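Student: I've got the model open and I'd like to check the labels against the numbers. Can we go through them one by one?
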Amino acid sequence: MNPRRGANPMAPSRIAIVTGASSGIGAATARRLAEAGYRVVLTARREDRIESLAKELNESGHQATAYTLDVTDRAAVDEFASAFKTVAVLVNNAGGALGADPVATGDPADWRSMYETNVIGTLNVTQALLPKLVASGDGTIVVVSSTAGLGTYEGGAGYVAAKHGEHVLAETLRLEIVGQPVRVIEIAPGMVKTDEFALTRFGGDEEKAAKVYQGVAEPLTADDVAETITWAVTRPHHVNVDLLVLRPRAQASNTKVHRDL
C-alpha cells in the first residue's frame, strides 16, 4: 500500500511508526498511540491485518495508515522511509521466537530467522528513519526487546541471543547519538500472553503453547505493554526511560514463575 493513501505521512504532524503492527503488542501499541493523538503508520507483512486495524482506527476518529513491509528487506525499508520528511516516534516491535530446542539440537535456520527479524530488522528500520527522527527535533526510538535479552534460560538460546543483540543495539545507539534530539527507549517485557507469540514459537502446536501460561493467573497482556510504551513515549522530552523491565507479578525471573496447578 502507498503510504500516502489515507492519512498523509508527508504532512507536518506527529507521526508514530509501529513495526509488527498486525497483532499482539504492535497492534495494541498502535491503538494506544493513536488515542494519545499520534498519526500512526502501521507496518507488517500481513496486509489484511494492518489494513483492518487502520480502518478501525480511522473510523474511530483517529489517523492511521497501513503499509505492508518486511523489515528484513532493506531495499523495501529504504523505499518506505523515503516517504517521510520527519517522524516523531519509531516503535521497533517486529520480532518473535522460533522453537525451544537446546543449543545441541537447535535449528540454525530458526536462529538465523530470529536474528534477521529481531536484530537486523530493527537495525534496518532504525538506520533508515534516524535522519527523519533527528529532523523532527524531538524524536523517540522505542526498542521492544524482552527479558530474554537480559538473562538466559534453558531451551531459549536462539531467541535469547537475538534479544541480547537487540538490547545491545539499543544501548549502543543511545551512547552514539547522545546530544542529538532523539531518545532511545527500551521496553523489555517478560511473560506476555498474546494470541500468536507462543503458538508461532511452537509451530502451531496449541498444547505446547498453552503450557507456557499454564497455572499463571495473570500474565501480562499486549495492552499492558502498549500502555507502558505509550507512557514512556509521552514523558517530557528531556526524560529518557533507558530500560524498563515489565513482568507480571507471578514472574520473578525468566525461570521463576508462580503457577497455581
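Student: Why is Arg31 called partly exposed?

Tutor: Keep in mind that this is a predicted model. Arg31 has a relative accessibility of 32%, and partly exposed covers what lies between under 20% and over 50%, so Arg31 counts as partly exposed.

Student: What makes Glu56 and Arg31 a salt bridge?

Tutor: Their closest N and O atoms are 2.8 Å apart, and the cut-off is within 4 Å, so the pair qualifies. The bridge links distant parts of the chain, with Glu56 in helix α2 and Arg31 in helix α1, 25 residues apart. Glu56 sits at 34% relative accessibility, so Glu56 is partly exposed too.

Student: How do you know that the length of α2 agrees with what a helix should span?

Tutor: Helix α2 has 13 residues (47-59), and at 1.5 Å a residue they should span 18 Å. The expected span takes one less than the number of residues. The end C-alpha atoms of α2 are 18 Å apart, so the two agree.

Student: Which residues of α2 are buried?

Tutor: Ile50, Leu53, Ala54 and Leu57. They cover an arc of only 100° around the axis, which puts them on the same side of α2. Asp48, Lys55 and Glu59 are exposed on the other side.

Student: Why are Arg74 and Asp78 said to be about one helical turn apart?

Tutor: Because they are four residues apart in helix α3 (residues 74-81). Their side chains meet in a salt bridge at 2.9 Å, N to O. Arg74 is partly exposed at 29% relative accessibility, and Asp78 is partly exposed at 36%.

Student: What about Lys163 and Glu166, are they buried or exposed?

Tutor: Both are buried, and their side chains meet in a salt bridge at 2.7 Å, N to O. Being three residues apart in helix α5 (residues 157-176), they are also separated by about one helical turn.

Student: Why is the Phe80 and Phe84 pair called edge-to-face?

Tutor: The planes are at 70°, and over 60 degrees counts as edge-to-face, so the label fits. The centres are 5.1 Å apart, against a limit of within 6.5 Å for a pair. Both Phe80 and Phe84 are buried, and ring pairs link them with Tyr67 into a cluster.

Student: What makes Val245 eligible for a nonpolar patch?

Tutor: Val245 has a relative accessible area of 38%, and a patch residue needs over 30%, so Val245 passes on that count. Val245, in strand β7, forms the patch with Leu150 and Leu243, with about 220 Å² of accessible area together.

Definitions and conventions:
Residues numbered from 1 in each chain as written. Predicted model: local features only at pLDDT ≥ 70, side-chain atom pairs only at ≥ 80, totals over all residues. Heavy atoms only, no water. Patch = residues over 30% accessible without salt bridge, like charges linked within 9 Å, V, L, I, M, F, W, Y side chains within 5 Å. Areas by Shrake-Rupley, 256 points an atom, 1.4 Å probe, with all protein chains shown as cover. Helix = DSSP H or I, 4+ residues; strand = E, 2+ residues; numbered from the N terminus. Buried < 20%, exposed > 50% of the residue type's maximum accessible area, 1.4 Å probe, protein only. Phe/Tyr/Trp six-rings, centres within 6.5 Å; stacked < 30°, edge-to-face > 60°. Arc of directions from axis to C-beta.
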